[in-house]
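Trainee: Got a minute to go through this one with me? I'd like to start with the charged pairs and then move around.
Mentor: Fine, put it on the screen.

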Amino acid sequence: MDYKALIAFFDEYNAHYRSFLKFEYSKMDMLNKNEIEKLSSSLSAEQAFIMKSNALEKQRLALLGDNSSKTFEQIVSEAPEEYKSRLEEQRASLSEMIYKIKEINDTANIIVSERLKKIRSTVGELDTYNGKGAVRKESAAGSKIFTNA
(Lines give C-alpha, C1' and ligand atoms only; values in the text may rest on other atoms or scores of the structure.)
Protein backbone atom coordinates (compact mmCIF):
# COMPACT_ATOMS: atom_id res chain seq x y z
CA MET A 1 0.00 0.00 0.00
CA ASP A 2 1.26 3.48 -0.87
CA TYR A 3 1.03 5.19 2.53
CA LYS A 4 2.28 8.55 1.27
CA ALA A 5 -0.54 8.63 -1.30
CA LEU A 6 -2.98 7.48 1.39
CA ILE A 7 -1.93 10.30 3.72
CA ALA A 8 -2.24 12.86 0.90
CA PHE A 9 -5.68 11.50 0.04
CA PHE A 10 -6.91 11.66 3.63
CA ASP A 11 -5.66 15.24 3.90
CA GLU A 12 -8.02 16.06 1.02
CA TYR A 13 -10.78 13.86 2.46
CA ASN A 14 -10.58 15.55 5.85
CA ALA A 15 -10.48 19.02 4.26
CA HIS A 16 -13.69 18.16 2.43
CA TYR A 17 -15.39 16.99 5.62
CA ARG A 18 -14.19 20.12 7.48
CA SER A 19 -15.95 22.22 4.83
CA PHE A 20 -19.01 19.96 4.99
CA LEU A 21 -19.13 20.31 8.79
CA LYS A 22 -18.86 24.09 8.52
CA PHE A 23 -21.74 24.02 6.03
CA GLU A 24 -23.82 21.86 8.40
CA TYR A 25 -23.25 24.36 11.22
CA SER A 26 -24.41 27.20 8.96
CA LYS A 27 -27.45 25.16 7.93
CA MET A 28 -28.30 24.57 11.60
CA ASP A 29 -27.94 28.30 12.23
CA MET A 30 -30.41 29.00 9.40
CA LEU A 31 -32.81 26.47 10.90
CA ASN A 32 -32.51 28.00 14.37
CA LYS A 33 -33.12 31.49 12.95
CA ASN A 34 -36.08 30.15 10.94
CA GLU A 35 -34.49 31.33 7.69
CA ILE A 36 -36.42 28.87 5.55
CA GLU A 37 -35.70 30.57 2.21
CA LYS A 38 -31.95 30.57 2.88
CA LEU A 39 -32.20 26.96 4.00
CA SER A 40 -34.03 26.00 0.81
CA SER A 41 -31.50 27.77 -1.38
CA SER A 42 -28.67 25.90 0.39
CA LEU A 43 -29.91 22.55 -0.97
CA SER A 44 -27.81 22.83 -4.14
CA ALA A 45 -24.68 23.44 -2.04
CA GLU A 46 -25.55 20.43 0.09
CA GLN A 47 -26.02 18.31 -3.03
CA ALA A 48 -22.56 19.38 -4.22
CA PHE A 49 -21.05 18.27 -0.89
CA ILE A 50 -22.80 14.91 -1.15
CA MET A 51 -21.65 14.40 -4.73
CA LYS A 52 -18.05 15.23 -3.78
CA SER A 53 -18.29 12.86 -0.80
CA ASN A 54 -19.40 10.08 -3.15
CA ALA A 55 -16.56 10.84 -5.59
CA LEU A 56 -14.00 10.85 -2.77
CA GLU A 57 -15.37 7.55 -1.49
CA LYS A 58 -14.87 5.99 -4.95
CA GLN A 59 -11.35 7.41 -4.98
CA ARG A 60 -10.69 5.95 -1.53
CA LEU A 61 -11.85 2.50 -2.62
CA ALA A 62 -9.66 2.64 -5.72
CA LEU A 63 -6.65 3.81 -3.69
CA LEU A 64 -7.06 1.00 -1.16
CA GLY A 65 -7.65 -1.65 -3.82
CA ASP A 66 -7.63 -5.09 -2.19
CA ASN A 67 -7.64 -3.42 1.24
CA SER A 68 -10.88 -1.52 0.59
CA SER A 69 -12.86 -3.63 3.06
CA LYS A 70 -10.52 -2.72 5.93
CA THR A 71 -11.54 -0.10 8.44
CA PHE A 72 -9.45 3.01 8.90
CA GLU A 73 -8.48 1.65 12.31
CA GLN A 74 -7.17 -1.57 10.73
CA ILE A 75 -5.20 0.39 8.15
CA VAL A 76 -3.58 2.47 10.91
CA SER A 77 -2.71 -0.58 13.00
CA GLU A 78 -1.10 -2.34 10.02
CA ALA A 79 0.79 0.73 8.77
CA PRO A 80 4.56 1.02 9.14
CA GLU A 81 5.56 2.93 12.29
CA GLU A 82 6.65 6.01 10.34
CA TYR A 83 3.06 6.55 9.08
CA LYS A 84 1.00 5.44 12.07
CA SER A 85 0.84 8.69 14.02
CA ARG A 86 -0.17 10.80 10.99
CA LEU A 87 -2.78 8.26 9.89
CA GLU A 88 -4.13 8.05 13.45
CA GLU A 89 -4.48 11.86 13.56
CA GLN A 90 -6.38 11.75 10.28
CA ARG A 91 -8.58 8.89 11.45
CA ALA A 92 -9.45 10.61 14.74
CA SER A 93 -10.18 13.91 12.99
CA LEU A 94 -12.38 12.30 10.34
CA SER A 95 -14.23 10.26 12.93
CA GLU A 96 -14.94 13.35 15.04
CA MET A 97 -16.18 15.36 12.05
CA ILE A 98 -18.49 12.59 10.83
CA TYR A 99 -19.86 12.18 14.36
CA LYS A 100 -20.56 15.94 14.59
CA ILE A 101 -22.24 15.98 11.17
CA LYS A 102 -24.48 13.11 12.24
CA GLU A 103 -25.25 14.82 15.54
CA ILE A 104 -26.17 18.10 13.78
CA ASN A 105 -28.40 16.26 11.31
CA ASP A 106 -30.13 14.31 14.09
CA THR A 107 -30.75 17.55 16.01
CA ALA A 108 -32.04 19.28 12.86
CA ASN A 109 -34.44 16.39 12.23
CA ILE A 110 -35.81 16.71 15.76
CA ILE A 111 -36.26 20.49 15.41
CA VAL A 112 -38.01 20.18 12.06
CA SER A 113 -40.24 17.38 13.34
CA GLU A 114 -41.27 19.39 16.40
CA ARG A 115 -41.97 22.48 14.29
CA LEU A 116 -44.11 20.45 11.91
CA LYS A 117 -46.09 19.05 14.83
CA LYS A 118 -46.65 22.58 16.09
CA ILE A 119 -47.74 23.78 12.65
CA ARG A 120 -50.14 20.83 12.28
CA SER A 121 -51.70 21.49 15.66
CA THR A 122 -51.95 25.24 15.02
CA VAL A 123 -53.42 24.80 11.55
CA GLY A 124 -55.72 22.09 12.86
CA GLU A 125 -57.39 24.38 15.41
CA LEU A 126 -59.80 27.23 14.80
CA ASP A 127 -61.08 29.83 17.21
CA THR A 128 -64.85 29.57 17.02
CA TYR A 129 -67.62 31.00 19.13
CA ASN A 130 -70.31 29.14 20.96
CA GLY A 131 -73.88 30.40 21.17
CA LYS A 132 -73.05 32.55 24.22
CA GLY A 133 -70.18 34.42 22.51
CA ALA A 134 -67.35 32.56 24.26
CA VAL A 135 -64.26 31.55 22.26
CA ARG A 136 -63.58 27.85 21.93
CA LYS A 137 -60.98 25.79 20.05
CA GLU A 138 -62.34 23.51 17.37
CA SER A 139 -60.67 21.08 15.01
CA ALA A 140 -60.51 22.49 11.48
CA ALA A 141 -61.47 19.12 10.05
CA GLY A 142 -64.64 18.89 12.11
CA SER A 143 -65.61 22.54 11.87
CA LYS A 144 -69.04 23.48 10.56
CA ILE A 145 -67.31 26.25 8.63
CA PHE A 146 -65.62 23.65 6.42
CA THR A 147 -68.54 21.21 6.25
CA ASN A 148 -70.97 23.94 5.17
CA ALA A 149 -68.62 25.52 2.64
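Trainee: How do the side chains of Lys-102 and Asp-106 meet?
Mentor: In a salt bridge, at 2.7 Å from N to O. Keep in mind that this is a predicted model.

Trainee: What separates Lys-102 and Asp-106 along helix 5?
Mentor: About one helical turn, because the two residues are four apart in that helix.

Trainee: Is Asp-106 buried, partly exposed or exposed?
Mentor: Partly exposed, because its relative accessibility is 35%, and the class runs from 20% to 50%.

Trainee: How many salt bridges does the count come to?
Mentor: The count comes to 13. One of them joins Lys-70 and Glu-78, with the closest N and O atoms 2.4 Å apart. Lys-70 is partly exposed at 25% relative accessible area, and Glu-78 is partly exposed at 46%.

Trainee: What about Lys-38 and Glu-35, what is the N to O distance there?
Mentor: That salt bridge has an N to O distance of 3.8 Å, against a cut-off of 4 Å. Lys-38 is partly exposed, with 48% relative accessibility. Glu-35 is also in the partly exposed class, at 25%.

Trainee: Which residues are linked in a network of salt bridges?
Mentor: Asp-11, Arg-86 and Glu-89.

Trainee: Switching topic. What's the overall layout, how many helices and strands?
Mentor: The protein has six helices and two strands. Along the sequence the order is α-α-α-α-α-β-β-α.

Trainee: And what share of the residues count as buried?
Mentor: Of the 149 residues, 29% are buried. The exposed area of the protein is about 10200 Å², and 55% of that is supplied by carbon and sulfur atoms.

Trainee: How much of the contact set is between residues 24 or more positions apart?
Mentor: Such pairs make up 60% of the contacts that have a separation of 6 or more.

Trainee: Okay, the core. How many residues are in the largest nonpolar one?
Mentor: The largest nonpolar core has 29 residues. Those with the most contacts inside it are Tyr-3, Leu-6, Phe-10, Tyr-13, Tyr-17 and Leu-87. At least two residues of this core come from each of helix 1 (3-32), helix 3 (43-64), helix 4 (72-78) and helix 5. Helix 1 gives the largest share, 13 residues.

Trainee: Why would there be a core like that at all?
Mentor: In soluble globular proteins, nonpolar side chains tend to be buried together.

Trainee: Take Phe-10, then. What is it in contact with, leaving aside neighbours within four places in sequence?
Mentor: Phe-10 contacts Arg-60, Phe-72, Gln-90 and Leu-94.

Trainee: What about polar residues in helix 1? Where does Asn-14 stand, buried or exposed?
Mentor: Asn-14 lies in helix 1 and is buried, because its relative accessible area is 4%, under the 20% limit. Not counting residues up to four places away in sequence, Asn-14 touches Gln-90, Ser-93, Leu-94 and Met-97.

Trainee: And His-16, buried or exposed?
Mentor: His-16, another residue placed in helix 1, counts as buried at 5% relative accessibility. The side chain of His-16 reaches the backbone oxygen of Phe-49 at 3.4 Å. Leaving aside neighbours within four places, the contacts of His-16 are Phe-49, Lys-52, Ser-53 and Leu-56.

Trainee: Now the start of the chain. Where does Asp-2 lie?
Mentor: In the segment before helix 1. Asp-2 is partly exposed, with 47% relative accessibility. A polar atom of the Asp-2 side chain is 3.3 Å from the backbone nitrogen of Lys-4, and the side chain of Asp-2 also reaches the backbone nitrogen of Ala-5 at 3.2 Å.

Trainee: How far apart are the C-alpha atoms of Asp-2 and Leu-63?
Mentor: They are separated by 8.4 Å, with the two positions 61 residues apart along the chain.

Trainee: Last one, the surface. Which residues make the nonpolar patch of about 240 Å²?
Mentor: Val-112, Leu-116 and Ile-119. Leu-116 lies in helix 5 (residues 81-123). Leu-116 is partly exposed, because its relative accessibility is 39%, and a patch residue needs over 30%.

Notes:
Residues numbered from 1 in each chain as written. Predicted model: local features only at pLDDT ≥ 70, side-chain atom pairs only at ≥ 80, totals over all residues. Heavy atoms only, no water. Patch = residues over 30% accessible without salt bridge, like charges linked within 9 Å, V, L, I, M, F, W, Y side chains within 5 Å. Areas by Shrake-Rupley, 256 points an atom, 1.4 Å probe, with all protein chains shown as cover. Buried < 20%, exposed > 50% of the residue type's maximum accessible area, 1.4 Å probe, protein only. Core = buried A, V, L, I, M, F, W, Y, C linked by side-chain atoms within 4.5 Å. Contact = heavy atoms within 4.5 Å. Polar contact = N/O pair within 3.5 Å; in protein donor to acceptor, adjacent residues only side chain to side chain.
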